[in-house]
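Subject: Structure for you to look at

Hello,

Here is the structure I promised to pass on. My notes on what was found in it follow below.

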Amino acid sequence: MSTNSGLQQRQVTYSRSLSELQGAQKSSAGAPAYSRYINRPLGRRFAAIGHVMGATPNQVTAVSALFTYAGIALIALLPPSWWSGLAVSSALVVGYALDAADGQLARLRGGGSLSGEWLDHVVDAGKISALHLAVLVGAARFTELSPGWLLVPIAFTLIANVTFFGMILNGLLRDRHTARTGQPVERPRTSTLRSLLVIPTDYGLLCLVFLMLGAPMVFGGIYLVLLLCATGFLVLALPKWYRDMSQLGSL
């Protein structure tokens with residue numbers, strides 16, 4: 001009887017946590033479709049489980065890093081196959097969902113810490129470079145893709161890092177402007193159409209593409225298309241970001 005009561009109480013706690021998280025979400029402005037409609041809801045469930053277990057946001061970040069970097073290591077260490085693709089993609093998807101969960105758990109617990117945000121961004125910065133460099137290593141070791149194709153993950157490393165740093169810096173400078181002037185900066189509006197249009201730039205979509213590792217030539221083609229989309233997005237975004245920062249005035 002006591003065991004059933006405990007299980008029931010645990011389920012109620014999870015349900016309450018999930019309900020509270022519905023009202024503790026950060027803005028989805030600009031988020032691509034996978035991140036907006038799949039990853040954040042999945043992360044919300046992980047956050048509720050973490051809350052029931054008494055986990056801290058930093059512990060969730062650590063587990064996220066464990067899954068993500070394990071998946072990245074498999075790319076470089078295992079010959080491409082359908083099974084390795086499934087393992088890599090699964091690890092990256094879970095790691096990405098947990099990456100969304102740590103911030104949600106922090107909000108559920110009353111707010112995060114600067115050290116927690118620092119840790120989260122450092123893990124993200126590392127995975128962005130490591131993922132594409134692992135693709136480079138795996139392709140060079142195990143596939144017959146042309147030597148010229150090896151420039152693709154090198155270029156992807158550059159594009160992904162500049163994009164990530166630009167987005168982080170945009171948020172930092174907007175927050176500094178708000179703190180200095182007391183005037184909040186209007187965030188870009190989001191829409192379902194925009195979320196769908198930018199989905200080729202979505203890290204979550206990239207996680208799923210590794211399901212195609214069993215067909216290296218197909219994977220290589222899709223990966224190249226994603227690089228071209230990411231490059232196009234950055235080329236269009238950089239001038240806009242510069243204009244946005246110019247409008248904020250001096251520091």
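Helices α2 and α4 are oblique to each other, because their angle of about 60° lies outside the ranges that count as roughly parallel, roughly antiparallel or roughly perpendicular. Please keep in mind that this is a predicted model.

The helix pair

Helix α2 covers residues 33-53 and helix α4 covers residues 82-108. Their axes are 7 Å apart where the two pack, and α2 passes α4 in a right-handed crossing. On the α2 side, the contact is made by Tyr34, Ser35, Asn39, Arg40, Leu42, Gly43, Arg44, Phe46, Ala47, Gly50 and His51. From α4 come Val93, Val94, Tyr96, Ala97, Leu98, Ala100, Ala101, Gln104, Leu105 and Leu108. Sorted by class, this contact has 13 nonpolar, six polar and two charged residues.

Two residues of α3

Helix α3 spans residues 57-77, and Thr68 is found in it. Is Thr68 buried or exposed? Thr68 counts as buried, because its relative accessibility is 2% and the cut-off for buried is under 20%. With neighbours within four places in sequence left aside, Thr68 is in contact with Ala91, Leu92, Gly95, Tyr96, Lys127 and Tyr203. Of these, Tyr96 is also one of the α4 residues in the contact with α2.

Ala65 lies in α3 as well. Ala65 has a relative accessible area of 14% and is therefore buried too. Which residues does Ala65 touch, leaving aside its neighbours within four places in sequence? They are Ala70 and Val123. Gly95, which is in contact with Thr68, is 30 residues from Ala65 in sequence, and the C-alpha atoms of Ala65 and Gly95 are 6.5 Å apart in space.

The protein as a whole

The protein has nine helices and zero strands, so read from the N terminus on, every element is an α: α-α-α-α-α-α-α-α-α. Of its 251 residues, 40% are buried. The exposed surface comes to about 13,700 Å², with carbon and sulfur atoms supplying 67% of that area. As for contacts between residues at least 6 apart in sequence, 82% join residues at least 24 apart.

If you open the model, the crossing of α2 with α4 and the surroundings of Thr68 are what most of these notes concern.

Regards

Terms used: Residues numbered from 1 in each chain as written. Predicted model: local features only at pLDDT ≥ 70, side-chain atom pairs only at ≥ 80, totals over all residues. Heavy atoms only, no water. Axes fitted to C-alpha atoms, helices over the stretch in contact; angles between N-to-C directions. Helix = DSSP H or I, 4+ residues; strand = E, 2+ residues; numbered from the N terminus. Parallel < 35°, antiparallel > 145°, perpendicular 65-115°, else oblique. Left-handed = near helix turned anticlockwise from the far one by under 90°. Contact = heavy atoms within 4.5 Å. Nonpolar A, V, L, I, M, F, W, Y, C, P; charged D, E, K, R; others polar. Buried < 20%, exposed > 50% of the residue type's maximum accessible area, 1.4 Å probe, protein only. Areas by Shrake-Rupley, 256 points an atom, 1.4 Å probe, with all protein chains shown as cover.
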